[in-house]
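Me: I'm new to this structure and would like a close look at a single part of it. Could you choose a spot, walk me through what lines it, and then show me a little of what else there is to see?

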Amino acid sequence: MSAPRFMRAVRITGHGGPEVLESAEVAVPAPRAGEVLVQVGAVALNNTDLWTREGAYGRPGDPKALSGWRGPIDFPRIQGADVAGRVVAVGTGVEGSLVGRRVVVDPAIYDTDGPDANPVGLMGSERDGGYAEYVTAPVERVHDVTESPLTDDQLAALPTAYGTALGMIERGQLRKGETALVSGASGGVGLALVQIARARGARVLAISSGTKIDAVREAGAHEVIDRAGDVAEQIRTAAPEGIDVALDVVAGELVGEGLPLLCEGGRWVIAGALGGYDVTFDVRRLYLHNAQVVGSSMHTPTHFDLLMDLARRAEVQPVVAATFPLDQAAQAQEELARREHVGKIVMHP
Ligand SMILES: NC(=O)c1ccc[n+]([C@@H]2O[C@H](COP(=O)([O-])OP(=O)(O)OC[C@H]3O[C@@H](n4cnc5c(N)ncnc54)[C@H](OP(=O)(O)O)[C@@H]3O)[C@@H](O)[C@H]2O)c1
């Protein structure tokens, strides 16, 4: 197996609207020592693609600054964190037997080598990603899933959304029999939260809206709360005994409204701010009840190993909402931004 010298790739040339996405013919990257070259079978989109393109992350002390999630982006940058594909070449020091294996790439760049390392960078942001025919990755970030019954599209749906969901569930220590509240439940992370929390044996209350409510129920939610109505009242009715763990990608007003609904020792895990990042809550509801607010960014290597075990056994079934060819990356991102879909949007190079 070998790779050609050039490939199609879609990269961002600066922060801005879909117009900064540029389709280009670029050199196929050569795997360096300790790396592999993966032929991309499918690449899934994430909100971070939009935020990185727009530069919407702000900086400490300057929330409106144009920035990637960890700081300045080195343009031009090939986007795309979520890749499933096949290894076609290896760098020095990497076993040649990996060539031909079907893999999922862990997109995280970690701060240390340990199993509980924190992600401090992301493929598609701090290194080139999978909006391309080929991508390189360190061998330790490449997971062999050749035997998984899941399709490449489903596998590509896993790393960021399901990795983030598993990270939230692990950091929130959700246990069998507990009640979990999931916000943004029709989204990529939200549906993953519903599926994994359900698979863990939790009782799942999900917040969604409109026509997406049925799909969220089908994904495994025991009760769906309509965010067009009085959310706190609906949660109180659905879980009069309280929420053990909130798995929240919306934040905003939901945090202030929802914290008083936690059980004693409850955990409110936040991984997104679709509803607003400026949050106000009554701290008495926190300390008087030994509750915790937990920030959660992506996953650790240990969480990703757990996720790949789920993938090999097909214990989660990612929902693919739509597929696009790579040269329609701008349309695919616009579809994601419309938020009318349920599940993941996937592109094929
Ligand atoms: N911390 C991390 O590591 C990490 C990783 C991945 C993603 N994220 C963040 O997590 C969030 C969700 O990502 P995603 O990819 O799952 O998004 P997504 O696929 O776009 O889905 C988000 C869902 O949230 C709901 N929603 C949208 N706007 C809302 C609002 N203003 N108020 C309440 N609900 C709203 C919508 O569902 P309904 O209409 O059905 O309610 C939507 O389907 C984003 O903020 C993303 O940046 C964080």
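Reply: Let's start with a word we'll need: a strand here is a DSSP run (E) of at least two residues, and strands are numbered from the N terminus, which is where a label such as β9 comes from. Keep in mind, too, that this is a predicted model.

The spot I'd pick is the second largest pocket, with a volume of about 230 Å³. Its lining is made up of 16 residues. If you want to find its middle, look for Pro-29, Arg-32, Arg-127, Asp-128 and Thr-136, the lining residues nearest the centre. Three elements give two or more residues each to this lining: β2 (21–27), β4 (77–78) and β9 (134–138). Of the elements, β9 provides the largest share, with three residues. As for chemistry, the lining of this pocket is a mix of eight nonpolar, six charged and two polar residues.

Now for a closed space. Searching the whole structure for cavities of 30 Å³ or more turns up one. The largest cavity holds about 40 Å³ of space. Around it you'll find Thr-48, Asp-49 and Thr-52, then Gln-79, Gly-80 and Ala-81, and finally Leu-122, Met-123, Gly-124 and Ser-125. Helix α1 (residues 47–54) gives the largest share of that lining, three residues. By class, the cavity lining has six polar residues, three nonpolar ones and one charged one.

From there, move out to the surface. Val-283, Tyr-287 and Leu-288 make a nonpolar patch there of about 320 Å². One of these, Leu-288, sits in the loop between α8 (284–287) and β16 (292–295). Leu-288 has a relative accessible area of 49%, so it counts as partly exposed, given that exposed means over 50%.

Asp-214 falls on the other side of that cut-off: its relative accessibility is 51%, so it counts as exposed. You can find Asp-214 in helix α5 (residues 213–218). Between its C-alpha atom and that of Val-224 there is a separation of 8.5 Å, and the two residues are ten apart along the chain.

For a second look, go back to the pocket and trace the three residues that β9 gives to its lining.

Methods
Residues are numbered from 1 along each chain as its sequence is written. This is a predicted model: local features need pLDDT of at least 70, side-chain atom pairs count only at pLDDT 80 or more; totals for chains, interfaces and linings use all residues. Side-chain values use heavy atoms; hydrogens and water are left out. Patches are made of residues with over 30% relative accessible area and no salt bridge: like charges are joined within 9 Å, nonpolar side chains (Val, Leu, Ile, Met, Phe, Trp, Tyr) within 5 Å. Accessible areas come from the Shrake-Rupley method with a 1.4 Å probe; for residues, only the protein chains shown count as cover. A salt bridge is a side-chain nitrogen of Lys or Arg within 4 Å of a carboxyl oxygen of Asp or Glu. Helices (H or I, at least four residues) and strands (E, at least two) are DSSP runs, numbered from the N terminus. Buried means under 20% relative accessible area, exposed over 50%, partly exposed in between (1.4 Å probe, protein chains only). On a 1 Å grid over the protein atoms alone, a cavity is a set of points where a 1.4 Å probe fits but cannot get out, and a pocket is an open set with protein on both sides within 12 Å along at least five of seven lines; lining residues have an atom within 4 Å of a point. Grid points are joined across faces, edges and corners, and a volume is the space filled by probe spheres set on the points. Ala, Val, Leu, Ile, Met, Phe, Trp, Tyr, Cys and Pro count as nonpolar, Asp, Glu, Lys and Arg as charged, and the others, Gly among them, as polar.
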